[in-house]
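This briefing goes through one protein model by topic, beginning with its aromatic side chains and ending with its overall form. Please keep the sequence and the structure in view while reading.

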Amino acid sequence: LHEVPSQQMLEKAVAEANETLLGLVLPVDLRQRLQAEGRVDLDGFAAHWAKPSDVNKLVEFFERQLGDLIGAPVHIDHESNLVFPDPESDGRQFMISLSLVVAVIVIGAFLVPYLMLEEKESHTMEALLVSPASHSQMVLGKAIAGLFYCLTAAVVVFAINFSMVTQWGIAFLAIICGSLFSVAIGLMLGTLFENPGSVNLWGGVILIILIAPASFELTAGSGWPPILQTLTPWLPSVALSNAIRTSFSDTAPLNLLVPNLGIMLGVTVLLLILVVWKVRRLEN
């Protein structure tokens, strides 16, 4: 049992917990209600993602225990009191969003570059450059293939945490934007370097640059120098994490969602333009 000073903190603790919890509000006039009605009705709070069977077991347990304690029937109303995490929560939702970020960016940084490297190593890049397909179409074809890989990884993570998502439209937009950004990174690495060793080396550097700020944003971000606190939210990996967390909430503030999607799309477009430019230079 853990006592919290307010209902707001109770709902936050229940929504962000790693296990199913039941929050109970004990009224200050509990004795008066008991004397007047001969029974006690309590408000119970459970996370929206919790299994109904697990919540019902907790409700039955506490109804029985509290009833024995006060010597009167106790009823806990929990069905109308589902709680949702805040879009900026730092509990279980943060860890799930981080796992999605890692899965998508790892695929982009280490698998997608080989879509370009294979063409170079097999010397089919020259044939593609003189084919009727434009440079943009060639890059687009590689991007679609890479997008499939990234989305496959994201689907696996979402399938494991299916119950957490409340706004699938936002989740879909976030993962599409994040996957496109990851693919753009992979294509850029594939065009810049000529061998797998260089790709893996620089892919690891990029992975650290993108994942580390997303990992420590909430735990250590407040202790960072002001310049890092200002720059971190502009990283596409952090924007992806924030957008995914929004899909776990029952609200979707546009002032949080739109900038995050815009950051990912803006950087993606810039990277793809650079990839097309680099491919054109390969023809010379």
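**Aromatic groups**

Phe158, Phe162 and Trp168 come together as one aromatic cluster. The model that contains this cluster is a predicted one, and the structure holds 5 aromatic pairs. Among the pairs is that of phenylalanine 61 and phenylalanine 62, whose ring centres lie 5.1 Å apart with the planes at 85°, so the arrangement is edge-to-face.

- Phenylalanine 61, one member of that edge-to-face pair, counts as partly exposed because its relative accessibility is 37%, which falls in between the limits of 20% for buried and 50% for exposed.

**Asparagine 161 and its loop**

- Asparagine 161 sits in the loop that runs between α7 (135-160) and α8 (168-192).
- With a relative accessible area of 13%, asparagine 161 is buried, because the cut-off for that class is under 20%.
- When neighbours within four places in sequence are left aside, the residues in contact with asparagine 161 are Arg92 and Ile96.

**Helix α11**

- In helix α11, which spans residues 236-246, 11 of the 11 residues are buried, so the helix is largely enclosed by the rest of the structure.
- The buried residues of α11 include Pro236 and Thr246, and among the others are the charged or polar Ser237, Ser241, Asn242 and Arg245, together with Val238, Leu240 and Ile244.
- The cover over the buried residues of α11 includes α4 (92-110), α8, α9 (196-216) and α12 (254-282).

**Overall form and packing**

- The protein's secondary structure amounts to 12 helices and 4 strands; its radius of gyration is 25 Å, well over the 19 Å that the globule rule gives for 284 residues, so the protein is more spread out than a compact globule.
- Taken along the principal axes, the box filled by the C-alpha atoms is roughly 90 × 40 × 30 Å.
- Of the 284 residues in the protein, 43% are buried.
- Among contacts with a separation of 6 or more, 79% are made by residues that are 24 or more positions apart.

**Surface and charge**

- The protein exposes about 15200 Å², and 65% of this area is supplied by carbon and sulfur atoms.
- The side chains of the protein include 14 positive and 25 negative ones, and the centres of these two sets are 6 Å apart.

Definitions and conventions
Residues numbered from 1 in each chain as written. Predicted model: local features only at pLDDT ≥ 70, side-chain atom pairs only at ≥ 80, totals over all residues. Heavy atoms only, no water. Helix = DSSP H or I, 4+ residues; strand = E, 2+ residues; numbered from the N terminus. Rg over C-alpha atoms; globule rule 2.2 N^0.38 Å. Buried < 20%, exposed > 50% of the residue type's maximum accessible area, 1.4 Å probe, protein only. Contact = heavy atoms within 4.5 Å. Areas by Shrake-Rupley, 256 points an atom, 1.4 Å probe, with all protein chains shown as cover. Lys, Arg positive; Asp, Glu negative; His and termini not counted. Charge placed at Lys NZ, Arg CZ, Asp CG, Glu CD. Phe/Tyr/Trp six-rings, centres within 6.5 Å; stacked < 30°, edge-to-face > 60°.
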